[in-house]
Amino acid sequence: MNDMSLYLAIALIPLAGSLLAGLFGNKIGRAGAHTVTILGVAVSAVLSAYVLWGFINGSRTKFDENVYTWLTMGGIDFSVGFLVDTLTAMMMVVVTSVSLMVHIYTIGYMHDEKVGYQRFFSYISLFTFSMLMLVMSNNFIQLFFGWEAVGLVSYLLIGFYFKRESAIFANLKAFLVNRVGDFGFILGIGLVLAYFGGSLRYADVFAYLPNVVGMQIFGWDLITVTCLLLFVGAMGKSAQFPLHVWLPDSMEGPTPISALIHAATMVTAGLFMVSRMSPIYELSTTALSVIMVIGAITALFMGFLGTIQNDIKRVVAYSTLSQLGYMTVALGVSAYSIAMFHVMTHAFFKALLFLAAGSAIIGMHHDQDMRHMGNLKKYMPITWITMLIGNLSLIGTPLFSGFYSKDSIIEAVHFSDLPGSGFAYFAVLASVFVTAFYAFRQYFMVFHGKEKWREIHHEHHSDGHDDGHHHGLGKNDNPHESPWVVTLPLVLLAIPSLMIGYVVIEPMLYGDFFKDVIYVNHEAHPVMAQMKEAFHGPLAMVSHSLQTPVLYLAIGGVVAAWFLYVQAPHLPAKIASAFSPIYKLLDNKYYLDVIYFNVFAKGSRALGNFFWKAIDTAIIDNGLVNGSAKLVGGIAAQVRKFQTGFIYTYAAFMVFGVLALIVTFFWGLFVK
């Protein structure tokens with residue numbers, strides 16, 4: 001198999017599985033649908049791992065070729081092509097491996113669904129294909145295709161329970177907010193096409209960069225404007241403040257898709273794009289500074305929101321927002337390799353956390369409220385230990401994968417001297433405590449303390465997706481461990497969450513793994529060069545952590561959560577009451593949803609009504625269309641009065657006409 005055939009197989013086999021499950025789901029049945037999609041993603045994952053191993057052992061080189069030309073217009077080629085290097089190969093492995101775990105997990109999680117089972121497998125396999133097309137693209141057109149495709153499929157998945165009003169609202173919200181980001185993204189692509197050599201192929205654009213350095217557009221630096229517009233797209237996809245509001249609501253979708261969207265795929269698309277465009281971003285310190293500050297705001301302020309959530313999935317969702325902020329901060333300080341390193345480690349431990357949360361939800365009979373849980377470690381030991389591993393990695397516990405990527409980001413910000421780096425350093429440091437607090441608040445509420453479902457009353461009701469099954473456990477019910485199709489992915493994801501950071505940090509950050517793939521101007525932005533000088537191995541990082549505030553902030557967050565939710569569970573309510581304005585601000589998510597709804601949603605509706613009534617109805621309909629018809633009709637009605645049918649009337653008009661001509665003729669002579 002040649003390289004082109006190999007890469008086509010990796011991308012298209014999940015698409016084939018999606019089509020089989022979607023078009024022939026009724027014929028092949030539930031087992032057939034999950035078999036073909038899992039097999040397709042598994043083959044893609046194995047082939048992706050084979051490609052990555054080829055880059056690691058040196059037997060494979062960078063591949064950059066077009067598959068076919070879709071359209072040629074004005075001398076510009078719009079092509080489909082693949083760019084496969086170490087950055088792409090790493091993303092391919094992360095996407096396909098996490099997707100494979102989600103596919104397997106879905107068999108158990110969606111077991112009781114009476115309708116939509118085959119449709120769901122078709123969607124998640126199509127989602128995998130879309131993400132692969134995005135990360136494997138060698139030009140902006142294919143990148144945009146994958147960009148929009150993951151947005152479309154995420155819309156379908158978030159609204160999977162389409163009879164539920166909240167799900168309909170959530171998927172529409174995700175769709176509209178992402179369109180805002182995508183508007184900026186396509187404007188950025190338009191600037192690239194207009195000014196960067198008339199090509200949309202990455203290699204051509206990067207080669208043309210020296211010709212646009214210093215060029216102005218509307219009085220602004222062209223490269224800075226282009227970078228910021230492209231980043232607006234990343235803000236939408238990667239849920240950065242203030243375009244983050246869609247992501248928590250996407251929890252309305254089933255848990256497997258929450259893991260797929262929030263772990264390795266859609267939300268990392270923007271981060272991947274900025275890393276891929278590093279040669280452009282390195283030419284604009286202003287754009288990098290903006291990216292860093294926005295990431296810092298997202299990391300800290302979204303973390304605050306996670307501290308008051310009671311829905312087990314929403315805690316993990318706000319954790320995702322905060323961690324995406326960390327990755328964005330790393331991009332801003334030119335530590336692209338560290339950002340992608342955290343993308344990889346985060347993909348595994350965040351998928352683990354989402355799937356473990358889903359397992360707990362299954363054990364609680366689809367009750368997601370943590371206030372109804374407690375002491376689940378007694379009944380669900382595998383879910384308990386795997387979620388503990390995920391949380392320990394999330395908060396940056398030494399030797400866990402998250403420690404190496406998260407601490408590297410904090411260290412990189414510490415070395416940076418970009419405008420705003422002081423605020424960014426404070427934000428990522430404060431986020432360490434906040435992250436540890438909300439992560440272990442969730443952990444203690446779910447797995448420790450009293451079995452709170454025995455103390456509350458549950459009504460039997462349906463929320464629209466389980467056909468009348470009641471939610472929550474009765475007083476005499478006990479949770480039970482999930483089936484092996486649920487727990488196996490948890491165990492397999494726990495392994496890289498434990499050790500992959502230790503194994504790959506040195507070659508990925510300080511070796512040649514990203515050589516000639518990610519470009520950094522070390523003279524203008526020396527952070528990575530300084531980091532390399534200070535790095536003395538993964539074990540030395542652990543000993544170094546004992547001398548920094550990061551570890552102690554994390555320990556403080558864990559201790560605070562333990563004290564408030566295990567030792568003194570009556571205190572959180574009193575604290576919330578004492579600081580009710582702050583609690584209300586957090587509970588209303590900084591009122592951004594209210595502002596967006598009342599200003600933008602209602603405002604655009606009012607503006608639409610104005611244009612409808614003033615422009616469409618008054619001017620176009622009544623003025624131009626109906627008005628012109630009425631004018632012609634009125635003139636015709638008056639002219640019709642002269643059509644009497646009598647000869648003497650027509651003779652009189654002829655005489656008057658001749659007289660008018662004579663008068664006009666002599667008047668002309670007189671004037672001359």
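Let's start with residues 70-121. Over this stretch the chain is 56% helix and 25% strand. The C-alpha atoms at its two ends are 29 Å apart. Keep in mind that this is a predicted model. Why pick that stretch? An unreviewed UniProt entry annotates residues 70-121 as "domain: NADH-Ubiquinone oxidoreductase (complex I) chain 5 N-terminal". That name comes from the record.

Now, the open spaces. The largest pocket holds about 950 Å³. Its lining has 30 residues. Nearest the centre are Thr-307, Arg-441, Tyr-565, Pro-572 and Ala-573. Which helix gives the most to this lining? H18 does, with 6 residues. Helix H22 (549-567), helix H23 (571-578) and helix H24 (580-587) each supply at least two residues too. By class, the lining of this pocket has 21 nonpolar, 4 polar and 5 charged residues.

Next, the closed spaces. How many cavities of 30 Å³ or more are there? The count comes to 3.

Take the largest cavity. About 60 Å³ of space lies in it. Its lining includes Lys-173, His-244, Tyr-318 and Lys-589. Two helices, H9 (246-249) and H25 (592-640), each supply at least two residues of that lining. Pro-248 and Asp-249 are among the lining residues, and so are Leu-592 and Asp-593. The classes here are 5 nonpolar, 1 polar and 4 charged.

On to the second largest cavity. Its volume is about 40 Å³. How many charged residues are in its lining? There are no charged residues, with 6 nonpolar and 3 polar. Three helices each supply at least two lining residues: H14 (312-332), H16 (381-394) and H18 (421-447). Look for Val-315, Asn-391 and Tyr-438, which are among the residues of this lining. Notice H18 again. This helix also helps to line the largest pocket.

Last, one residue: Val-293. You'll find Val-293 in helix H13, residues 285-306. Is it buried, exposed or partly exposed? Its relative accessibility is 25%, so Val-293 counts as partly exposed. Buried would mean under 20%, and exposed would mean over 50%. What does Val-293 touch, leaving out residues up to four places away in sequence? The contacts are Pro-419, Gly-420 and Phe-423. Now compare positions along the chain and in space. Val-293 and Ala-614 are 321 residues apart along the chain, and their C-alpha atoms are separated by 42 Å.

That's the tour: one annotated stretch, one pocket, two cavities and one valine. Thanks.

Conventions:
Residues numbered from 1 in each chain as written. Predicted model: local features only at pLDDT ≥ 70, side-chain atom pairs only at ≥ 80, totals over all residues. Heavy atoms only, no water. 1 Å grid on protein atoms, 1.4 Å probe; cavity = no way out; pocket = protein on both sides within 12 Å on 5 of 7 lines; lining within 4 Å. Points joined across faces, edges and corners; volume = space filled by probe spheres on them. Helix = DSSP H or I, 4+ residues; strand = E, 2+ residues; numbered from the N terminus. Nonpolar A, V, L, I, M, F, W, Y, C, P; charged D, E, K, R; others polar. Buried < 20%, exposed > 50% of the residue type's maximum accessible area, 1.4 Å probe, protein only. Contact = heavy atoms within 4.5 Å. UniProt positions renumbered as here; feature names shortened; annotations may be inferred.
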